[in-house]
Every structure is written in C-alpha cells, then in structure tokens.
Amino acid sequence: MELFRPLMSKKIDLHIHTNYSDGTYTPEDVVRVSKDAGLSAIAITDHDTTEGIVPALKHAAKVGIEVIPGIELSCEYNEVEIHILGYYINWENNWFQEKLKVFQKARERRAFHILNKLRNVGVDIDEQMLFSQASVGAISRVHFARCLVEMGEAETMADAFQKYLVEGRPAFVKKLRILPEEALSMINRVGGVAVLAHPIFGGGHKLFMKRLKRLGLAGVEVYHPSHNTQLSEKYLNMSSELGLIATGGTDSHGGKEEENPIGSIEVDYELVDGLKNAKNHSEIKNRIILIH
Ligand code: AMP
Ligand code: MN
Ligand code: MN
Ligand code: MN
C-alpha cells in the first residue's frame, strides 16, 4: 500500500503472529525476517497467548531490533467479532495469565467440537497432525485449514474456510464470547495500550469507537493489508477526531501460504512514539487514581 510517507523514515510492523498461535514462523524467525526486511520495530501480537514474547525479545537483543510485547484478543458485540490488540502489556501478571488460560481452555474444547463436526461430514483429521502445529490451547481454525489443505479436502486456506470453517458451514463452532469492555479492561489492568484491530472486519464505526474509548480504548489500527488507501484515510480521520492514536501492521501469519509478508505495508516509526505516549499517559492516569 502506498501511503505518502517520507523516504528514509524508519519502518515498523505492529501486528505479527508466531507459531505460538496461528502463525508459522517461530518468534526467532519473525525477528530475523523483520530485521532482514529492514524494520526498526515490531510487535508480537499472538491470539490469546504471550508465549512468543520472551523468545522474540531474546533474539531481538542479539540482532538489534525493537520488540513490543503484545496480544490480540477476540470479542463479540452484536454478533460481530471484534479484535482488540494490547501493546506494552505486563504479560507476566498472574491474573492476566489466568484469564488467558480460560481462553486457551475454550479453544481446546472448541477444537474437539470442530474435529467431531468434521467427522460428521466424513472428514477425519488426524489429531496428531492437528496438534503437532500448536499447543492445544492455541489451536485455531487456521490449523484446521492447514490440515484440510494438506489432506486435499480444500485447495487453499481460503477454500478450507469457505467450505468448512466459516459461520454457516458444517464445522463452524463459535469461540468463547467476551465483550469488548472485558478485553479493554484486561489490557488496561496490566498497563497495556488497547487498540481496535482491523476495523474493516468489525467495529469500524465512529460511534462505536467513541463508546470503546470511554471503556479504555487508546487507538485504532489504521494501516492493515485489508484497508485500501481510502479506508486507511477514513480510519485515520476518525481516530484523530476521537483523540485515538493510529497504529498499523501486516497481521502476518508467517510462512508459505502467506499473503501479507512481514513489513509488506508501509508503517512509520512515529506510530511507536504514539504508542509510547499512550503508555506513559495511562501510567500517569493510574498513579493519579492510586493517589486519590
Ligand atoms: P479462530 O481464532 O480459531 O476463530 O481463527 C481465526 C483466524 O483465522 C484469524 O485470526 C485469521 O488468521 C484466520 N482467518 C479467518 N478467516 C479466514 C479466511 N476466510 N481465510 C483464511 N484465514 C482466515
Ligand atoms: Mn490469526
Ligand atoms: Mn485479527
Ligand atoms: Mn491478527
């Protein structure tokens, strides 16, 4: 995506998955590929797990790139799935990890439900093959889609989703529902900066964002491969009108079926400054709350 940025500015990618959730790259691979792509800073934003953060930080210290700890949480509002990113979370917090375990347990139960539903339509996925890709608590529909392609039941990942895994298809099972306010409060409680992910897929309305801001939202993912230039501009305007920061990233899931390679959209380092300001701002606010 061309986004009228000055040449020579430092580039970043604030939305990347590792193989601890539904990405294919290890955290070390993510760091190496990001460095090779010439990025200055990246964020690890796995679904419902923070396991990829420490290995990425360790490797980043060796190769010299800034890694921001993050997470991506799924929630639902009026039947629409909405994703919220959390940056600079204190991922070691026990309460936070216990909350994530609830989501991971739910993923595990859902995976067995999906396996059964696939068996009912004559598709028998080998459990070993499924769970060799990721720990059971991180299992996502992406892992099912990869198996379905491997088995020849679908031509592509998108085909596997359309044939079996999306709502209305035979193996669709809903995820655990949490409300956006629960995700926002989880992220804020551990000092994180909460950002609405890819608003095009859900939540991209001004009134809704305004409501989320009152509940602890700090920013909007303005730059994403699913946003064309006009959409990015629209979300940039909305965010600035609402006093929300802008972020951006590729939502890269790594490896071979990859459509959005790491660093494949132009995002400027100044957005990291915005994130850091938001983090400092929330710390000051929390201190004031503690004093009163
Ligand atoms: P889950 O969290 O198990 O519901 O899986 C959702 C994940 O599947 C998202 O994070 C995307 O990585 C991926 N995904 C969702 N819809 C599609 C689709 N139509 N085609 C390919 N990947 C998809
Ligand atoms: Mn994903
Ligand atoms: Mn998402
Ligand atoms: Mn994502």
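Here are three short exercises on a predicted model.

**Exercise 1: the two domains**

Find which stretches of the chain make up each domain, and how far apart the domain centres lie.

*Solution.* Start with the domain assignment: domain 1 takes 11-100 + 177-291, while domain 2 covers 108-165. Next, go to the C-alpha centres of domain 1 and domain 2, which sit 26 Å apart. To make the contact, domain 1 supplies 8 residues and domain 2 supplies 8 residues.

**Exercise 2: what the contact is made of**

Describe the area buried between domain 1 and domain 2, then look at salt bridges and polar contacts.

*Solution.* Begin with the area: about 540 Å² is buried between domain 1 and domain 2, and carbon and sulfur atoms give 45% of that. Now check for salt bridges between the two domains: the count is 0. Then try polar contacts: 3 residue pairs turn up between domain 1 and domain 2. Finally, sort the side of domain 1 that touches domain 2, and you get 1 nonpolar, 5 polar and 2 charged residues.

**Exercise 3: two cysteines**

Decide whether C75 and C147 are buried or exposed, and count the disulfides in the whole structure.

*Solution.* The cut-off for buried is under 20% relative accessible area. C75 has 2% relative accessibility, so C75 is buried. C147 comes in at 1%, so C147 is buried too. For the last step, recall that a disulfide is a covalent bond joining the sulfur atoms of two cysteines. Searching the whole structure gives 0 disulfides.

Definitions and conventions: Residues numbered from 1 in each chain as written. Chains lettered and ligands numbered in written order. Predicted model: local features only at pLDDT ≥ 70, side-chain atom pairs only at ≥ 80, totals over all residues. Heavy atoms only, no water. Domains from an automatic or database assignment. Contact = heavy atoms within 4.5 Å. Buried area = accessible area lost by both parts, 1.4 Å probe. Salt bridge = Lys/Arg side-chain N within 4 Å of Asp/Glu carboxyl O. Polar contact = N/O pair within 3.5 Å; in protein donor to acceptor, adjacent residues only side chain to side chain. Nonpolar A, V, L, I, M, F, W, Y, C, P; charged D, E, K, R; others polar. Disulfide = S-S within 2.5 Å. Buried < 20%, exposed > 50% of the residue type's maximum accessible area, 1.4 Å probe, protein only.
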